[in-house]
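Me: Please take a close look at one part of this structure and describe what surrounds it. I am new to it, so explain the terms as you go.

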Amino acid sequence: MVCNLFKRMFKQNTHTCKRTFDGLKKGDRFHFIAIGGVGQSALAKILIKTGYSVSGSDIHESKYTNELKSLGANIFIGHKEENVPEDCFVVVSSAIKQDNPELIRAKELGLTILHRSDVLLQISYEFGLTIGFAGTHGKTTTSGLMSYVMSKMGAAPNFAVGGIIPELNTNADATDDSYVFIAELDESDGTISKYSPDILVINNLEADHLDFYKNGLDDVLDTFKNLILNLPDDAKIIVNIDDDGVLELLKLIGPTDKDIIKFSVKDSNLQNNISCNILADVYALNVEFSSVGSKFDVVYNNKKLGRILTPLKGMHNVYNALAVVCALIETNPEEFDFKDFAPYFKEFTGMGRRFQTVYRTEKIEIIDDYAHHPSEIKATLKAAKEYKEKTQKLRTVAIFQPHRYTRLKALFNEFLESFDDADFLIVLDAYSAGDKFDPEFNSKTFEEKFAKKYKEKSCYIKGPVDEVSNELLGLIKDEDVVLTLGAGDVTKLGKILGESYER
């Protein structure tokens with residue numbers, strides 16, 4: 001019954017301008033360079049399940065390439081010019097270098113080369129209603145949570161998100177049973193301004209990806225301003241008015257006829273923002289934290305709807321959950337029923353690499369988190385500190401792998417202020433992600449600077465992730481909560497440490 005309700009309301013909200021791929025027919029072929037990436041693989045999977053032929057290559061075999069192969073994709077390991085079919089559209093991300101042999105071959109053949117954002121945009125046209133999750137932090141968690149809750153409700157959503165949803169064991173899906181498409185919208189290279197979602201969720205905005213946004217937050221705000229002003233007139237924009245960056249965006253946009261729905265976690269009696277005179281439409285009250293997660297009441301248009309329980313820890317995840325509540329309500333505010341979706345929040349354990357426990361015994365726990373921006377690190381460590389106190393552990397040990405030298409340089413001082421809630425910090429060599437080594441701003445110089453401020457609270461360990469476990473074990477004690485932090489291959493470390501700890 002819930003599924004039929006969602007079908008009905010999505011069809012009513014369908015834009016008349018929706019269309020299929022321009023000039024393309026079912027059966028056309030797509031070749032993805034670096035198909036094993038989480039974003040590329042999600043698009044490839046949706047194309048396969050909607051009737052297109054897909055091939056692709058990646059440097060390494062992975063769970064993503066294996067799944068795509070099982071669905072019928074032609075997968076190549078290694079980038080070689082002979083991998084490229086002569087009758088295909090070639091899909092790339094901004095990370096693909098111009099000297100990639102497959103990209104060179106595609107140009108020689110005169111093939112159409114599409115950025116992944118163009119493919120995501122065209123995929124969205126195949127469905128009746130697109131819900132896009134955007135902002136600096138929380139996109140993967142919110143888009144994954146939305147996809148999970150709607151799936152459990154029986155709405156069978158189509159979705160493409162930036163991580164594996166553990167309970168669904170996938171990062172993407174497409175069916176014939178729903179008109180809705182849920183997408184994580186990446187702002188890192190500015191291509192987010194191409195999209196045109198029916199519902200846009202912005203949780204927060206900060207300066208990040210400073211290799212692209214040379215003027216920092218100002219450039220980020222300009223990009224989001226263009227995105228919003230180019231949305232259809234009947235689009236809805238859901239924003240977090242507790243976030244300073246979002247408030248700056250609303251000032252920049254100025255008076256508008258756009259339908260902007262505002263949410264807040266501040267007390268309802270204090271929700272009037274003095275600087276902008278903004279009232280929230282949806283807010284959380286009576287927030288509680290425990291070792292098993294978070295709880296809060298939801299108030300919508302001054303009416304209490306009920307209480308949300310979620311295993312997700314930390315105030316940042318209260319914002320994430322409230323953003324999803326807003327999106328669920330706004331899909332059909334006249335007919336929604338809080339009881340239809342609230343129970344499923346407590347079943348969602350989080351996305352892979354988002355405060356994910358990878359090893360646990362009575363004495364020690366190792367948690368992996370994707371946090372690679374100062375604000376993300378602060379939020380994760382605050383949640384870890386609360387968790388440590390609830391579980392009566394003795395220390396929070398952060399193992400930090402900086403991601404990109406350009407980000408470390410641009411936010412060097414902010415990173416130095418990010419680890420206040422850690423009892424001990426271990427800094428590993430940076431994951432370059434294609435950046436050149438910076439002799440002034442690197443892991444060693446960062447730890448040296450950090451150590452001048454926090455005596456005997458940090459150390460630097462040199463070497464690849466898979467070769468540092470023995471040194472790390474000498475620094476970890478019983479009753480520690482250990483966090484591996486970063487967007488690079490530090491994610492492998494938790495499992496390695498756990499196995500070494502057992503030995």
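Reply: **Strand 18 in its sheet**

Strand 18 pairs with strand 21 (residues 480-485) through 6 bridges, in the parallel sense. Strands (E, at least two residues) and helices (H or I, at least four) are DSSP runs numbered from the N terminus, and two strands pair if DSSP finds at least two bridges between them. This is a predicted model, in which local features need pLDDT of at least 70 and side-chain atom pairs count only at pLDDT 80 or more, while totals for chains, interfaces and linings use all residues. Residues are numbered from 1 along each chain as its sequence is written, and side-chain values use heavy atoms, with hydrogens and water left out.

Along the pairing with strand 21, T396 has V481 as its bridge partner, and A398 stands opposite L483. Strand 18 also runs parallel to strand 19 (residues 424-428), to which 4 bridges join it. There, F400 is partnered with V427.

Strand 18 covers residues 395-400, and 6 of its 6 residues are buried, meaning under 20% relative accessible area (exposed is over 50%, partly exposed in between; 1.4 Å probe, protein chains only). R395, V397 and I399 point one way, T396, A398 and F400 the other way, and all are buried.

The wider sheet is open and has 6 strands in the order 16-17-21-18-19-20, with mixed pairing. Its edges are strand 16 (356-360) and strand 20 (458-461), each pairing on one side only. On average, neighbouring strands are turned by 20° against each other, direction ignored. Helix 16 (residues 493-502) packs on this sheet and touches strand 16, strand 17 (365-369), strand 18, strand 19 and strand 21. Its direction makes about 15° with that of strand 16. Such angles run from 0 to 180 degrees between N-to-C directions, with axes fitted to C-alpha atoms, for helices over the stretch in contact.

Other parts of the model can be set beside this strand. Helix 5 (residues 116-124) is mostly covered, with 8 of its 9 residues buried; among them are R116, V119, L120 and I123. The buried residues of helix 5 pack against helix 2, strand 4 (88-92), strand 5 (113-115), strand 6 (129-134) and strand 9 (180-184).

The largest nonpolar core has 56 residues, and F32, L200, I202 and F224 have the most contacts inside it. Helix 2 (residues 38-49) gives the most to this core, with 6 residues. Apart from it lies another core of 45 residues, including F133, V161, A323 and I329. A nonpolar core is a set of buried Ala, Val, Leu, Ile, Met, Phe, Trp, Tyr and Cys residues joined through side-chain atoms within 4.5 Å.

K139 lies in helix 6 (residues 139-153) and counts as buried because its relative accessibility is 9%. Residues up to four places away in sequence aside, K139 touches F133, A134, E184, L185, D186 and E187, where contact means heavy atoms within 4.5 Å. The K139 side chain reaches the backbone oxygen of G135 at 2.8 Å.

Finally, confidence. The mean pLDDT (the predictor's confidence in each residue, from 0 to 100) is 90, and 93% of residues reach 70 or more. It is below 50 over residues 1-21, a stretch with 51 contacts in the model beyond near neighbours in sequence. Residues 268-276 also stay under 50, with 16 contacts beyond four places in sequence. Where pLDDT is low, the predicted coordinates should not be read in detail.

Key
A polar contact is a pair of N or O atoms within 3.5 Å; within protein, one must be able to donate a hydrogen and the other to accept it, and residues adjacent in sequence count only if both atoms are side-chain atoms.
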